[in-house]
Amino acid sequence: LGASEGQLSGIGFTAAVLSLVKGCIGAGVMALPWATIQGGAASAPALILLGAWNGYTGWLLLDCDAPGSYSDLVRLALGRGGVVLLEGSLLVVLFGVCVSFQVQAATLLSSLPSLGRLASHDVYALITGAALLPLVLQRSFSGIAAISIAALAVLCLGLTAVGLWGLWAEGAPTLPPQLLEPPTAHGFADFLGVAAFSFGGQVFVLPVRDAMARPRLAATAVGVSTAAILAVYAAVGAGGASLFWRAGVKQLVLLNIEPGSPCASLVYSCSAAVALLSVPLVFVPLVGIASGLLPAPSEPRLSALAPSPQPQPMQPWRREAPLRALLLLLTSAAAAATRDFGLLTGILGCLANLSALLLPPLIHLRLRGRRPASAARPAAVRTALAATDALLLLAGFASCAGPALLIVQQLARRAGE
């Protein structure tokens, strides 16, 4: 997000929008067609509501008008306890994202006929861990940011290949009958979890604002990026569901391409490689937060969410190398034990709602009397904003607790079976 040598004054509006879009679009988009079927008639209005909700909470963070990162804002409003809550939830979510990338790679590799006969999903999950070890142990991350661009490009190519395959194999898309029926409670929980996991870009809002040449346009950038993300998700979710509902939409929509075809081999292999190459990018903040749980080093630790204008070396090698190896071992073991990509993203979506939907209105409520701009607003506007914050706070709690309870029930039922 830092300025280049030719843009020392900051990044432009388009770069800010793209940064926010890239921060959200990732592995979760692969499960959106399956989640759309699970959500039934509620999927379209719920996706629109969730997108607007995420955009508004991003605006709430900007309206607090405080410098620094998300962690700095939480510390100002809620103290050290709030920071522990935020970074603790992010630690679990980032760990889960790494697991989801490895699950995706292992699922795709084991679905290839030539490789599926050699080993099972859990073996490939462990193999991905071994392949990732040199990447997560590198001494600096100056070149890792470029991986996100390549990953996004291959993701777009993979989704395009899925769409073309669907048109060739299934014919013209038709409205799935499931989208005209009310969803079950568990189906809607699955949809809400996957959709929430696919948003959650609030942690990028303040760093992007601070990196912009014209920070006053940050709110507009949040609105435009949210609309763009919502359009992409609606197109992928509804499009994939409309193409493959007859044959059954897979949790990873890439698996709807016939496994034995040359197209499937190419798409599966490239997508598995991109999933693995995306892990080191997520490892950067994961290791930064996890290292904060260890005894403090001699130098003060910067927040894992603080913006960095230039690529910087990772923390001391001797301190972090064992931690990175341990985290990779844990993510590989979790990926080997997990085959249900949709359920995994649903659980992560519930946890992501804490930082995306629950904390922003709470922070805004706590800081409403400390902002000079707030006092200048009419009393009716201040009252309406406070009431909206309170309602969103309750809704945010429900968005975390409700789907989580249903998913726990689903896990308990599966364990019983």
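1. Helices, as the term is used in this note, are DSSP runs of at least four residues, numbered from the N terminus. By that numbering, Trp245 belongs to the loop between H10 and helix H11 (262–291). The model under review is predicted, and the remarks below should be read accordingly.

2. Overall composition. The chain holds 15 helices and 0 strands. It has 417 residues, of which 48% count as buried. Among contacts with a separation of 6 or more, 86% join residues that are 24 or more positions apart.

3. The nonpolar core. The largest nonpolar core comprises 108 residues, and those with the most contacts inside it are Leu50, Tyr70, Leu73, Tyr233, Tyr268, Phe283 and Ile363. Helix H4 (residues 70–111) supplies the largest share of this core, with 19 residues.

4. Helix H3 and the residue that follows. How far apart should the ends of helix H3 be, at 1.5 Å a residue? The 21 residues of this helix (residues 43–63) should span 30 Å, and the end C-alpha atoms are indeed 30 Å apart, so the two values agree. Just after H3, Asp65 adopts a positive phi of about 55°. Most residues other than glycine have a negative phi. Asp65 has its positive phi although it is not a glycine, and a reviewer may wish to note this. The residue sits in the loop between H3 and H4. Asp65 is classed as exposed because its relative accessible area is 57%, and the cut-off for that class is over 50%.

5. The cavity. The count of cavities of 30 Å³ or more comes to 1. The largest cavity has a volume of about 140 Å³. Its lining has 14 residues, and Cys24, Gly201, Ser225, Thr226 and Ile229 are the closest to its centre. Two or more lining residues come from each of helix H1 (13–24), H3, helix H9 (202–211) and helix H10 (218–244). H10 gives the most, with 4 residues. By character, the lining of the largest cavity divides into 6 nonpolar and 8 polar residues, with no charged ones.

6. Met30. Is this residue buried or exposed? Met30 has a relative accessible area of 1% and is therefore buried. It is located in the loop between H1 and helix H2 (32–39). Leaving aside residues up to four places away in sequence, Met30 touches Gln104, Leu155, Leu159, Gln251, Leu252, Val253 and Leu254. For one of these partners, Leu155, the separation is 125 residues along the chain and 8.9 Å between C-alpha atoms.

7. Trp245. The relative accessibility of Trp245 is 24%, so this loop residue counts as partly exposed; the cut-off for burial is under 20%. Which residues does Trp245 touch, not counting those up to four places away in sequence? They are Ile37, Thr174, Leu175, Pro176, Pro177 and Gln178. Between Trp245 and Pro177, 68 residues apart in sequence, the C-alpha to C-alpha distance is 8.7 Å.

8. Helix H6. This helix (residues 121–136) has 16 residues and reaches 22 Å from its first C-alpha to its last, close to the 22 Å expected at 1.5 Å a residue. Which of its residues are buried? The buried residues of H6 are His121, Tyr124, Ala125, Thr128, Gly129, Leu132 and Val136. As background to such a list, an α-helix has 3.6 residues a turn, so residues three or four places apart point the same way.

9. Two further residues of H6. Ile127 is found in helix H6 and, with a relative accessible area of 44%, is partly exposed. Ile127 lies 8.4 Å from Ala106, C-alpha to C-alpha, and the two are 21 residues apart in sequence. Leu135 also lies in helix H6, and its relative accessibility of 30% makes it partly exposed. Beyond residues up to four places away in sequence, Leu135 touches Leu277 and Pro280. Leu135 and Leu276 are 141 residues apart in sequence, with 9.4 Å between their C-alpha atoms.

How values were computed. Residues numbered from 1 in each chain as written. Predicted model: local features only at pLDDT ≥ 70, side-chain atom pairs only at ≥ 80, totals over all residues. Heavy atoms only, no water. Core = buried A, V, L, I, M, F, W, Y, C linked by side-chain atoms within 4.5 Å. Buried < 20%, exposed > 50% of the residue type's maximum accessible area, 1.4 Å probe, protein only. Expected span 1.5 Å × (residues − 1). 1 Å grid on protein atoms, 1.4 Å probe; cavity = no way out; pocket = protein on both sides within 12 Å on 5 of 7 lines; lining within 4 Å. Points joined across faces, edges and corners; volume = space filled by probe spheres on them. Nonpolar A, V, L, I, M, F, W, Y, C, P; charged D, E, K, R; others polar. Contact = heavy atoms within 4.5 Å.
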